Amino acid sequence: MPDSFSKRVYQFLEAYPHAHRTELTRVLASKTSLSTSGFPYISQSSFQLFLQEVPHLFAYGKDLLDWLANLEEGLKHSHPFQKSENISLQKAIFVLRNVVQSAGICAPPDHWILKHILSVHSKLGMVQLFLDGGFIDRDELADKLGVDRKHLSWDLSFLHSRGYLRCRGSRYSLAQCFQAVDIFQKAESLQEKFLTDMVDPIVKVIQGNSSSTEENLVREFYNYPETEHIHKSWQADHFQVGIGYRLVPTVLSLRVLNIASTAEPGVKLSGFFPEMTRLLEDAGVLQDDSVTAFGARILNRGPGPFGIIHAYVPYMRELENKLRGKATSTHVQRTKNIAASQAANRKTFEMGNDSLDRFCNEQSFDYRVFIEHALGQGEATRQRLERTGEENMQYFGADLEDAAIDAALELQKQKVLPANMIFVRRADIANPDAVITAVRDKGFSTVDAVMFVGNGFHEIRGQTNAKIIDVFRKYCEAGFLLIFTEESALGDHDLLSTGWNTYHAGFRYVHELSGQGLRPAAGADREGRYSWKICASLGGYAVLPKYSAHTRTIYPFPRKGGYNPPISMTYFCVPESLARKLGFYPLSWTRS
């Protein structure tokens, strides 16, 4: 872009309240493009400049979103740029808005985990070892402290992916930035009373029916430093980590009270206790008791990711024992995880159901059995019921956990789920015979039955390529058309390079703790784990690219080599025999 364009953009930045106008000008005035899916991109150098020079967490994010909205409004009325410049600027605004909004939702769960990890590391003396300087070998550190090597590798990888540690092979050192020093210097062990689910006591205090013990606990929980250090770059300092850590149970509490899902920009939210109001203001959620545009996004979209991570409270409580290699029987808070997963998966289920409708219309495909496995609260089924009804459709719901089936039964009573829906209890998704037998025993054919799975296959324990391939093969041989969504496995480099653009660092960490396995979106990872596409195709499925879908890619710029992993993929799989019958072969990426 010409220098004159940059100068004119800079003039619009006078209303931006922070001292990062020059860097922001360069980002907004830089080259833009469109992805193959039609989404705006900025350049790689612009995105890296933004991450390193323009703070955008919490109140910073709120201010930046407000300013971008004012800039857009200004463009409508003053038209200071040529048409091509105007279009490019609108693309850049679109990208930055998404990055800021994503940070507001993706950062807090990582902060919540970070607080627990550093609490344990502080207790073990590990924090001070890194503050003393120099690179430390991971395995030597494990031996020195008498901790489990694998668990320690998860902890260090998480800290590295969030920008607090540098890594050279198996050796780590404290990152050379203010935020890393700040959070390590101020790290302290969390008190035992806070290693619990804080949602219920917070709800009681808001409602005014808490005991004095609960009220004191909650008010102490919201006690954090009064000031913050103004800094650049995307990494969070101690002050911001403290906000994110407390924001997770706060937003979940507002969801319990049916406040979060209905909050819109400008709506007044008052009546909270002062400590909570202060947190929501520091987080950029409230301003003068009114919900901000930034805050509305967090309250509406945050409960899904927040709830999935927060359901691992029992693991955080046992984090020290697990790091020390002491066997503990720990389980996720399944009931709360079910509701959170439903909220998080709603969009991908819509994508899958849209693809199913297109497939049926375009290929004249007819089915009479609809199955949802890893049931949760039956979100895929609820959507299908709205579209198809139940007069000519038999519904099944399967899950390993009784809590999921019990929740679905309640929704069935409320007529949210089909009256004819048959539930299959203790159905391990790794054991296809459980569902296959249940469907056939009820007198229905499994051939051309449709099965939806939302983030369920990664829950299979003891994963090997052979085991996953065998699971797919059995579903395929039964004749199931399979539509499933899975998060892409992302490495430290991808996470470091994209800041808070995904919440995958925390998602990956809690699944490592619980023995579950994520897989890459394509190819194979360093440990030799095949992608879901490869496993499904080796199991006899044709993964149809025309009907598969993905959420946004993690890099908001075109990558060298072209590959840009999506946050999650929804795979549309049909048995190879059906694919050949419909003329889908050859498939360019069946086994890629």
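**Close-up 1. An open antiparallel sheet of three strands in the predicted model.** The three strands follow the order 3-5-4 and pair in the antiparallel sense. Strand 3, which spans 136-137, and strand 4, which spans 165-168, are the edge strands, each of them pairing on one side only. Strands of a sheet pair through backbone hydrogen bonds, and this pairing can be parallel or antiparallel.

**Close-up 2. The pairing of strand 3 with strand 5.** Strand 5, made up of residues 171-174, is joined to strand 3 over two bridges in the antiparallel sense. Within this view, the residue of strand 5 that stands opposite I136 is Y172.

**Close-up 3. The hairpin of strand 4 and strand 5.** Here the antiparallel pairing of strand 4 with strand 5 runs over four bridges, and L165 has L174 in strand 5 as its bridge partner. Two residues lie between the strands of this hairpin, in which G169 takes a positive phi near 65°.

**Close-up 4. The buried side of helix 21 and its surroundings.** Helix 21 comprises residues 433-441, and V435, I436, A438 and V439 are buried in this helix. These buried residues lie on the same side of helix 21, because the arc that they cover around the axis is only 165°. The elements that cover them include strand 8 (369-373), strand 9 (394-398) and strand 10 (422-424), together with helix 22 (465-477).

**Close-up 5. The residue G443 just after helix 21.** Just after helix 21, the backbone reaches G443, which takes a positive phi of about 90°.

Methods:
Residues are numbered from 1 along each chain as its sequence is written. This is a predicted model: local features need pLDDT of at least 70, side-chain atom pairs count only at pLDDT 80 or more; totals for chains, interfaces and linings use all residues. Side-chain values use heavy atoms; hydrogens and water are left out. Two strands pair if DSSP finds at least two bridges between them. Buried means under 20% relative accessible area, exposed over 50%, partly exposed in between (1.4 Å probe, protein chains only). The arc is that of the directions from the helix axis to the C-beta atoms. Contact means heavy atoms within 4.5 Å.
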